[in-house]
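Trainee: Before we look at the model, I would like to practise giving a reason for each label we use.
Mentor: Then ask about each label in turn, and we will set the value against the criterion.

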Amino acid sequence: MATSTGFLFFFFTFIFSLFSFLVFISRMKPWCNCHTCRSYLTKSWTHTFTNLCDWFTHLLKNSPTGTIHVHLVGNIITSNPDNVEYILKTRFDNYPKGKPFSTILNDFLGRGIFNVDGDSWKFQRKMASFELGSVAIRSYAFETVIDEIKTRLIPVLASKAHDKTESLTEAETERSDALDLQDILRRFSFDVTCKFSFGTDPACLLPSLPSSNFAEAFDLASKISAERGIAALPMIWKMKRFFKIGSEKKLSEAINVINDLAYDIIKQRREMGFASKKDLLSRFMGSVNDDDKYLRDIVISFLLAGRDTVSAGLAGFFTLLSKYPKVEELVREEVNRFRNPVQEYPTFDEIRQMHYLNAAVHESLRLFPPVQNDSKFAEDDDVLPDGTVVKKGNRVSYHPYAMGRMEKIWGPDCLEFKPERWLKDGIFMSEDLFKYPVFQAGSRVCLGKELALMNMKSVVATLVPRFDIRLVGLDYEPRFVPGLTASLRGGLPVKVYERKC
Ligand code: HEM
């Protein structure tokens, strides 16, 4: 009797799973034979394009509505500012992150702010906006950044600087002793984020460039989680996770390393006492002290928010600056004009007055946004302003990378790095956020925007007058690795020359 009940149970479970699988597959339209889906599945787009984001940009440019549909994965991708406003503001309620998103990222981000909707999101957003918006925390953040620049970033770059007599051609062709600027900037951002968010100093940016298990695990977890998001057949990663094999085994190992550090940070904070501390974690601990898993998720989300975005933004900035010497000259000229000769480092107020610098940073983020695309999941059937039909459960993504390269939005010179487009009579003029959703827009607009811009400007304003940073290889074109934030395959090889200032 027990055997036959067991058999029946197994049989019905099997039939039910098979049925769910078929329903799931039929929703995904895996047989779609349109050109885009075929190219996506067979990866034939790689014959013409280096990066997936460049292929999508090409497709979006050629779409009359600025929107495409990759049926195979149920993903509607748009570069149309009206659609972006509709998704992020007008019908915000219909476009949450959704269950599919949180399933993809749950192992890595848990219930952190990036991965939740509803009350949990509201609670974290309220806490974080209160903290990030305060003048005290901004000046604490600025001090932290300047301290890391002064004591680590500048000494490390100076110690790796080359002899100025080396000819430019030599510099640009000789890769063997190049410095990986992406790695340096990530170490910098990691130290700054940990100090600012958790009050601990991991000291990653030292002249010996120590290897960091944590940083490697973090990169791997971000990469594998992002690969889950673009998988044509999500069933495959789910099976791999179930059997703990391949990339899913690696993800789980990486997450263990990340968890060890996060729980360690929380424990240290608790032992040291958090009531009088200024960092973000201490402030969160005041409200959520008894749930370590939740605190862990908050810690990881803030690390992701602060570390990878700012370093990716700076990597994009220096890539462009190396190719546009005129912009470099104008940034340098402005910084020198504002700098108080008796002070070695610019102050918060001086940086705030640098309009050209602000324009140059915004312009580089337009061409190289750290978050290249971002998705929501439709709660209900809908129609976007450009007429695109959305079905319940469809993934709907806006694509800041493609939007920054659209003639329709930025004009015929859209591919040029031209800070002047942000200036009117020398004064910085911001753009419509739905045209430039680099920091997202609407109800979930980035909470660290001002902080991130200040971090980036502080780095530029202190490095550019001191160093010439040159890309190795005149023909350098970025190649991105899949990730939640833009990450360069092979890093960013540069040579650094100290200037006499
Ligand atoms: C150049 C740097 C940055 C860029 C381009 C950027 C961009 C973004 C984007 C696109 C989102 C929306 C993500 C999503 O909903 O999936 C976001 C959200 C967020 N960002 Fe940033 N970010 C940057 C730096 C920072 C920093 C330094 C912090 C904090 C220290 C921060 C804190 C946040 C938070 C808390 C959210 C979640 C907002 C919410 O869901 O309500 N960001 N950011």
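Trainee: Where does Q440 lie?
Mentor: Q440 lies in the loop between strand 9 and helix 20, and please keep in mind throughout that this is a predicted model.

Trainee: Why is Q440 called partly exposed?
Mentor: Q440 has 18 C-beta neighbours inside 10 Å, whereas a buried residue needs 20 or more and an exposed one has 12 or fewer, so Q440 counts as partly exposed.

Trainee: What is the phi of Q440?
Mentor: Phi is positive there, about 60°, although Q440 is not a glycine. Most residues other than glycine have a negative phi.

Trainee: Which other residue, not a glycine, has a positive phi, near 50°?
Mentor: That is D425, placed in the loop between strand 8 (423–424) and strand 9.

Trainee: Why is D425 called exposed?
Mentor: Only the count decides: D425 has 6 other C-beta atoms within 10 Å, and because the limit for exposed is 12 or fewer, D425 is exposed.

Trainee: What makes C446 a residue to look at in the record?
Mentor: UniProt, in an unreviewed entry, lists C446 for "binding site", and in the model C446 comes, with A305, T309, G448 and A452, nearest to the ligand among the 22 residues around it. C446 is found in the loop between strand 9 (427–428) and helix 20, and, leaving out residues up to four places away in sequence, C446 touches F439 and Q440.

Trainee: Why is C446 called partly exposed?
Mentor: C446 has 17 other C-beta atoms within 10 Å, a count that falls between the limits of 12 and 20, and therefore C446 is partly exposed.

Trainee: Which helices each supply at least two residues of the shell around the ligand?
Mentor: Helix 6 (118–133), helix 14 (292–323) and helix 20 (449–463) do so, and the largest share, six residues, comes from helix 14. By class, the shell divides into 14 nonpolar, five polar and three charged residues.

Trainee: Which residues touch the most other members of the largest nonpolar core?
Mentor: Of its 122 residues, these are L181, A221, I258, V299, L357, V460 and V494, and the largest share of this core, 15 residues, comes from helix 14. In soluble globular proteins, nonpolar side chains tend to be buried together. Leaving aside neighbours within four places in sequence, L181 is in contact with A315, F318, I469, L492 and V494.

Trainee: How do you know that strand 3 and strand 10 are edge strands?
Mentor: Three strands form an open, antiparallel sheet in the order 3-13-10, and strand 3 (179–180) and strand 10 (467–471) each pair on one side only. Strand 10 is joined to strand 13 (residues 493–498) by five bridges, against a minimum of two for a pair, and R470 stands opposite K495.

Trainee: What makes strand 1 and strand 2 a pair?
Mentor: Four bridges join strand 1 to strand 2 (residues 75–78) in the antiparallel sense, where at least two are required, and H69 stands opposite I76. The two strands form a hairpin with four residues between them, and G74 in the turn has a positive phi of about 60°. T67 and H69 point one way from strand 1 (residues 67–70), I68 and V70 the other way, and all are buried.

Technical notes
Residues are numbered from 1 along each chain as its sequence is written. This is a predicted model: local features need pLDDT of at least 70, side-chain atom pairs count only at pLDDT 80 or more; totals for chains, interfaces and linings use all residues. A residue is near a molecule or strand if its C-beta atom, placed from the backbone, lies within 6 Å of it. Ala, Val, Leu, Ile, Met, Phe, Trp, Tyr, Cys and Pro count as nonpolar, Asp, Glu, Lys and Arg as charged, and the others, Gly among them, as polar. A nonpolar core is a set of buried Ala, Val, Leu, Ile, Met, Phe, Trp, Tyr and Cys residues joined through C-beta atoms within 7 Å. Two residues are in contact if their C-beta atoms, placed from the backbone, lie within 7 Å. UniProt positions are given in the numbering used here, feature names are shortened, and annotations may be inferred rather than shown by experiment.
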